[in-house]
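Take a look at the model below. We will go from the overall layout to the ligand and its surroundings.

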Amino acid sequence: MRAVGFRANGGAEVLEELDLPEPVPGAGQVAVRVAFAGVNFAEIQQRRGELGAPDGPGGVDVPGLEVAGVVVALGAGVSGLEVGEPIAAYLPGFGGYAEVVSADTRFVRSLRTEAGVADPAEAAGLPRVYPTAFGVLKDAGRLREGEDVLIHSAAGGVGFAAAQLARELGAGRVYGTVGSAEKIPYAAELGYDEVFLRDGLAERLTEVTGGRGVDLVLDPVGGPIRDQSLAVLAPFGRVVAYGDLGRHQQWTASVWDL
Ligand SMILES: NC(=O)c1ccc[n+]([C@@H]2O[C@H](COP(=O)([O-])OP(=O)(O)OC[C@H]3O[C@@H](n4cnc5c(N)ncnc54)[C@H](OP(=O)(O)O)[C@@H]3O)[C@@H](O)[C@H]2O)c1
């Protein structure tokens, strides 16, 4: 089968087309013919080497944490899924940039819904991104109804999902920040009350919240943005740190500031 992977860490140029054997599903797994693979930031980190050098079979790593497609074979002990079922799957061990993958059924969901079969192109962007967005908002962030939220990297995958889920969870005002001005009109379409540049965010947020700040900040950027995120918290507010997009070496906070 065809796949896309890399033998050395680096930029996008290290990705190459590969000819690999089709995986055989093990116990509790299904084989999936991939129609669409999501592309998310962890795969860029993997390719750049932030998760280590390639260590897959033959020294090749195949990225891909999320796929949508059709079940083509069942491993031992699998029930509740049939060959031909349209599904989406999360692949914790990567491997989704391939024509066929083996997926653990714990992380496989049917695309059949009451409204019909979900679009596999959209579904391929869900399995890792939406649970992350839900986890940072609800589990780590403990978002309560009516609370105001600030979401950094508002136009990215998790940011976009978090904006939608914050609404579903009953958030009050939902603000977003982006790194460059050209992203503002795009992000503004995604359901935020207001989107502004990360540069100068504290001043802008003070202005729009009348100095109160926000109850919850989702921060995948880190570094100085983490300091500013703490600074714009309302009393009893929370900052959820779930990434380091800025690749900062270290971040420290003084107990007094906290
Ligand atoms: N996707 C997941 O399932 C998942 C799971 C766990 C954790 N995370 C973490 O969530 C974060 C976002 O992931 P994602 O999948 O949403 O990524 P994404 O869709 O690729 O979006 C990444 C965003 O990061 C910003 N960015 C890129 N380079 C940056 C830099 N050097 N400094 C500051 N910001 C930068 C960009 O926004 P601007 O242009 O607005 O800066 C971009 O919109 C990452 O830190 C990732 O590690 C993601």
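How far apart do the C-alpha centres of domain 1 and domain 2 lie? The answer is 31 Å. Keep in mind that this is a predicted model. Its chain is divided into domain 1, residues 2-115, and domain 2, residues 129-241.

Now find the ligand. Both domain 1 and domain 2 give residues to the shell around the ligand, so the ligand lies between them. The space that the ligand takes is the largest pocket. Three elements give two or more residues each to the shell: α1 (41-48), α3 (129-140) and α4 (157-168).

Next, the shell itself. It holds 21 residues. R128, G157, G179, K183 and R198 are the closest to the ligand. By class, the shell residues split into eight nonpolar, nine polar and four charged.

Then turn to the backbone. Polar backbone atoms of F41, G157 and L245 each pair with a ligand atom. At G157, such a backbone atom is 2.7 Å from an oxygen atom of the ligand. At F41, a backbone N or O atom lies 3.4 Å from a ligand oxygen. At L245, the partner is a nitrogen atom of the ligand, and the distance is 3.1 Å.

How much of the ligand does the protein bury? Taken alone, the ligand exposes 880 Å². The protein buries 77% of that area.

Definitions and conventions
Residues are numbered from 1 along each chain as its sequence is written. This is a predicted model: local features need pLDDT of at least 70, side-chain atom pairs count only at pLDDT 80 or more; totals for chains, interfaces and linings use all residues. Side-chain values use heavy atoms; hydrogens and water are left out. A residue is near a molecule or strand if one of its heavy atoms lies within 4 Å of it. A polar contact is a pair of N or O atoms within 3.5 Å; within protein, one must be able to donate a hydrogen and the other to accept it, and residues adjacent in sequence count only if both atoms are side-chain atoms. Accessible areas come from the Shrake-Rupley method with a 1.4 Å probe; for residues, only the protein chains shown count as cover. On a 1 Å grid over the protein atoms alone, a cavity is a set of points where a 1.4 Å probe fits but cannot get out, and a pocket is an open set with protein on both sides within 12 Å along at least five of seven lines; lining residues have an atom within 4 Å of a point. A molecule sits in a cavity or pocket if more than half of its atoms lie within 2 Å of its grid points. Helices (H or I, at least four residues) and strands (E, at least two) are DSSP runs, numbered from the N terminus. Ala, Val, Leu, Ile, Met, Phe, Trp, Tyr, Cys and Pro count as nonpolar, Asp, Glu, Lys and Arg as charged, and the others, Gly among them, as polar. Domain bounds come from an automatic or database domain assignment.
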